[in-house]
Amino acid sequence: MSLGHFNITTTTPRDLVDITREVEHAVRNASVSAGVMYLFNPHTTAGLTINEGADPDVRRDIIKGLTHIVPENLGYRHAEGNSAAHIMTLLTGSSLTVFIEKGKLLLGTWQKIFFCEYDGPRTRTVHWKILADPQ
Amino acid sequence: MSLGHFNITTTTPRDLVDITREVEHAVRNASVSAGVMYLFNPHTTAGLTINEGADPDVRRDIIKGLTHIVPENLGYRHAEGNSAAHIMTLLTGSSLTVFIEKGKLLLGTWQKIFFCEYDGPRTRTVHWKILADPQ
Amino acid sequence: MSLGHFNITTTTPRDLVDITREVEHAVRNASVSAGVMYLFNPHTTAGLTINEGADPDVRRDIIKGLTHIVPENLGYRHAEGNSAAHIMTLLTGSSLTVFIEKGKLLLGTWQKIFFCEYDGPRTRTVHWKILADPQ
């Protein structure tokens, strides 16, 4: 079992940040040819997801959609004023499971891994753990 | 560790397709009596979920609800015109983790496993991996 | 591999119930110093999520937001009348993966684990499984 974390710095209030390169870097360093990788986001106003990475408009449309779906103001009581971000976190989820085959992430043709910032900009952390297949 | 995949062909633009039988088939073939099973969807306009399988109206109501929640048009920029499907994918998630006990999936009384098609009809793939409990 | 379950009794139709203490109890009893823990919800009108636990207003705001996002009535066909709860289950997800380090859950500063009741009050079950890191 290998484990570690990496940090990213988000630059806007809401953004889907492609972290596939950071994740692939961890896979290569772990020198695991086949296994399962878990990613965990320790923040409560951010999430992790897998979606299309080829066209940056998809990321923008997703943020646009979420901002439309989750009301910014709804008579929320949480004093920090970021309840919409907490709701987006529930909708997105805090962890991911991906497969490793032949030393690489098993992702679909268009899939990339994204850190979802819903209350930025901030410096954020992603924890990961790799479980190699039993020999 | 056993791994594999199966294909399904969806027949409508949006649908929840019960894939429990295909998943159970993989479990039986793996001959694992206890363990953890991971399912992974490699597509960016589809998801995986667990929900009620007894009444087909639940599946229809879920699609109806998602279609209401996620606007089809919102000044999206992605040229393919399927941004709503990408947003539904984020809301649903791309992977599942289920337990195997006594050679069978540990599911609740009403639970079935569904492939969520949001931009069909298409032929789709589901990857799976089974990790047997250490002896 | 350790496995088990615990029950909780919800007291209102919709609620986020902090189950971190129950989960930590399972971790301590398993005497695992490092590993991965999976939580699985066997119900189709409930979910599992990780979010802020410090301010109880966050939980209330999340329920308020979900109740706004998912229409209670939309010409649903499911005769039980709880289709909104089934949709919230899809949006939330049925399982969680968390890391165990030094005998404790690896959670962010503000994170707690919640059982999401969407059709209560009921007595509910959460299954868990702990996979210790290979020595």
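How many residues of chain C are in contact with chain A, and with how many residues of chain A? In this predicted model, 36 residues of chain C are in contact with 31 residues of chain A, where contact means that heavy atoms lie within 4.5 Å. Residues are numbered from 1 along each chain as its sequence is written, while chains are lettered from A and ligands numbered from 1 in the order in which they are written. Because the model is predicted, local features need pLDDT of at least 70 and side-chain atom pairs count only at pLDDT 80 or more, whereas totals for chains, interfaces and linings use all residues; side-chain values use heavy atoms, with hydrogens and water left out.

Between them, chain C and chain A bury about 2700 Å², of which 64% is on carbon and sulfur atoms; buried area is here the accessible area, found with a 1.4 Å probe, that two parts lose on being put together, summed over both. Within chain C, the residues that lose the most area to chain A are Asp61(C), Ile69(C) and Phe99(C), which together account for 21% of what that side buries. Between these two chains there are 14 residue pairs in polar contact, with both residues at pLDDT 80 or more. A polar contact is a pair of N or O atoms within 3.5 Å; within protein, one atom must be able to donate a hydrogen and the other to accept it, and residues adjacent in sequence count only if both atoms are side-chain atoms. The elements of chain C that give two or more residues to the side touching chain A are β3 (35-40), β4 (46-52), α2 (56-69), α3 (83-92), β5 (95-101) and β7 (111-117), these helices (H or I, at least four residues) and strands (E, at least two) being DSSP runs numbered from the N terminus. The largest share of that side, 10 residues, comes from α2(C). By residue type, the side of chain C that touches chain A divides into 19 nonpolar, 9 polar and 8 charged residues, with Ala, Val, Leu, Ile, Met, Phe, Trp, Tyr, Cys and Pro counted as nonpolar, Asp, Glu, Lys and Arg as charged, and the others, Gly among them, as polar.

One of the residues in contact with chain C is Ser83(A), which is placed in helix α3 (residues 83-92) of chain A. At 3% relative accessibility, Ser83(A) counts as buried; under the scheme used here, buried means under 20% relative accessible area, exposed over 50%, and partly exposed in between, with a 1.4 Å probe and protein chains only. The side chain of Ser83(A) makes a polar contact of 2.6 Å with the side chain of Asp61(C). When neighbours within four places in sequence are left aside, Ser83(A) is in contact with Tyr76(A), His78(A) and Asp61(C).

Salt bridges, in which a side-chain nitrogen of Lys or Arg lies within 4 Å of a carboxyl oxygen of Asp or Glu, come to 21 over all chains. Between chain C and chain A the count is 3, including the bridge that joins the side chains of Lys129(A) and Glu101(C) at 3.0 Å, N to O. In chain A, Glu72(A) forms a salt bridge with Arg14(A), with the closest N and O atoms 2.9 Å apart. This pair links distant parts of the chain, since Glu72(A) is in the loop between α2 (56-69) and α3 and Arg14(A) is in the loop between β1 (2-9) and β2 (15-18), 58 residues apart. Glu72(A) is partly exposed, with a relative accessible area of 38%, whereas Arg14(A) is buried, at 19%.

A further salt bridge brings together the side chains of Asp57(A) and Arg77(B) at 3.4 Å, N to O. Asp57(A) lies in helix α2 of chain A and Arg77(B) in the loop between α2 (56-69) and α3 (83-92) of chain B, so the pair joins two chains. Asp57(A) is buried, with a relative accessible area of 15%, while Arg77(B) is exposed, with 51%. Asp57(A), Arg60(A) and Arg77(B) are linked in a network of salt bridges.

In helix α1 (residues 20-30) of chain C, the buried residues are Thr20(C), Val23(C), Ala26(C), Val27(C) and Ala30(C). Seen down the helix axis, these buried residues fall within an arc of 125 degrees, so they line one face of α1(C), the arc being that of the directions from the helix axis to the C-beta atoms. The face turned away from the buried side carries the exposed residues Arg21(C), Arg28(C) and Asn29(C).
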